[in-house]
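This report describes one structure in plain terms. Look at the sequence and the 3D view first, then read on.

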Protein chains: 2
Amino acid sequence: MNNKEKLRKAGLRPTKQRMIIADILLDGINRHFTAENLQNEINSSGNSMSIATIYNCLKKFRNCGLIKQVESSKDTAIFDTNINQHHHFLDEETGKLIDIENDEVNLHKLPKIPQGYLNNGVEVLIKIKKQI
Amino acid sequence: MNNKEKLRKAGLRPTKQRMIIADILLDGINRHFTAENLQNEINSSGNSMSIATIYNCLKKFRNCGLIKQVESSKDTAIFDTNINQHHHFLDEETGKLIDIENDEVNLHKLPKIPQGYLNNGVEVLIKIKKQI
DNA sequence: TTTTACTTTAAAATCGTTCTAAACTACTTG
DNA sequence: CAAGTAGTTTAGAACGATTTTAAAGTAAAA
């Protein structure tokens, strides 16, 4: 399925700007990035786009499940092209994230989900720091 | 150990402002809060403090391990008085966090920590959503 | 004491992100 | 295809959380 079809399937109009972003993000390679990172990539691909459009687009893509947003207390939002359930190592010093595939973690015993709620995804974060 | 001693032990001068905050936060009760939440509590305790001082103090307290900061992609930083290793339920709609004690989760099989790094804490986040 | 280093403060600045409202474009319906 | 309409993009302004500034204040050391 090409990117135009992916966008349509997600209920998004395949505009010129969304196609540029889809071509960068939906190439099957897993990466973590910020809005600013993406703008730089757009620029180096010879295109350009308002930062407002980039934010709009990232929000739409995320809400449609084309990308994920990482839970992180950094000051900048971090997005992830890996949309499968998976986990992360986090180097708190540098903010660097490394993917952990789902099958590398085995969670026995989970707590009971609070009354009236449904489980909507489990994320394991392993904080790491450089050895000295 | 009283709060003055706790601050000294953490390497922090027990100033008037830090004592006011310590008296609110270090009462043994686990809670999640923002800088603004704390300012409101300071105000209702009959005191007042510059917001810059509150941020300074929260950063110092966190760096000394007197409180923790929660990994969260909300726009406001969320702090936690529970400094033991523990986990969270997160309602992504509302941002509400609920503690999960460490012994309610059992992680068999963890991935190998990347070369040159040390494990610095594991956090499990269970995203939940309201049943409809 | 006197000195020195650290802390607090109000106000300004910064930075990521969202809003505004006007121009533009994709899609729908006739 | 033509015309309408609903959704999209944009630059720039606005916003809100947090940090910086620099001057005044305070705790601890000498």
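In this predicted model, helix α4 of chain A contributes the most to the surface near DNA strand D, giving four residues. In total, 19 residues surround this DNA strand, and the closest of them are A:T15, A:R18, A:T53, B:Y55 and B:A77. Of the atoms of DNA strand D that come within 4 Å of the protein, 80% belong to sugar and phosphate. By residue class, the surface near DNA strand D consists of six nonpolar, six polar and seven charged residues.

Three short distances between the protein and DNA strand D are listed here.

| Protein side | Atom of DNA strand D | Distance |
|---|---|---|
| A:T15, N or O atom in the side chain | phosphate oxygen | 2.5 Å |
| A:Q17, N or O atom in the side chain | sugar or linking oxygen | 2.8 Å |
| B:A77, polar backbone atom | phosphate oxygen | 2.7 Å |

Which elements give two or more residues to the surface near DNA strand D? They are α2 (16–25) and α4 (51–63) of chain A, along with α4 (51–63) of chain B.

Chain A as a whole is divided into domain 1, residues 3–69, and domain 2, residues 84–128. The centres of domain 1 and domain 2 of chain A, taken over C-alpha atoms, are separated by 25 Å.

Next comes a strand of chain A. Strand β4 of chain A covers residues 86–91 and is mostly covered, with six of its six residues buried. The side chains alternate in direction: A:H86, A:H88 and A:L90 point one way from β4(A), while A:H87, A:F89 and A:D91 point the other way. The residues on both sides are buried.

Which strands pair with β4(A), and in what sense? With strand β5 of chain A (residues 97–101), β4(A) pairs in the antiparallel sense over five bridges. In this pairing A:H88 stands opposite A:D99 of β5(A). β4(A) and β5(A) make a hairpin that has five residues between the two strands. In the turn, A:G95 has a positive phi of about 85°. The other pairing joins β4(A) to strand β7 of chain A (residues 117–130), in the parallel sense and over four bridges. There, A:D91 stands opposite A:I128 in β7(A).

Two single residues can be followed in the same manner. The first is B:E123, which is placed in strand β7 of chain B (residues 117–130). Is B:E123 buried or exposed? B:E123 counts as buried because its relative accessibility is 14%, and the cut-off for buried is under 20%. The side chain of B:E123 makes a polar contact of 2.7 Å with the side chain of A:K127. Leaving aside neighbours within four places in sequence, B:E123 is in contact with A:E123, A:V124, A:L125 and A:K127 of chain A, and with B:E71, B:H86 and B:H87 of chain B.

The second is A:S72, found in the loop between β2 (68–69) and β3 (79–80) of chain A. With a relative accessible area of 10%, A:S72 is buried too. A polar atom of the A:S72 side chain lies 3.1 Å from the backbone nitrogen of A:K74. Apart from neighbours within four places in sequence, A:S72 is in contact with A:I78 as well as with B:E71, B:S72 and B:S73 of chain B. B:E71 therefore appears among the contacts of both B:E123 and A:S72, by the criterion of heavy atoms within 4.5 Å.

Note on methods
Residues numbered from 1 in each chain as written. Chains lettered and ligands numbered in written order. Predicted model: local features only at pLDDT ≥ 70, side-chain atom pairs only at ≥ 80, totals over all residues. Heavy atoms only, no water. Buried < 20%, exposed > 50% of the residue type's maximum accessible area, 1.4 Å probe, protein only. Pairing = 2+ DSSP bridges. Near = heavy atom within 4 Å. Polar contact = N/O pair within 3.5 Å; in protein donor to acceptor, adjacent residues only side chain to side chain. Nonpolar A, V, L, I, M, F, W, Y, C, P; charged D, E, K, R; others polar. Domains from an automatic or database assignment.
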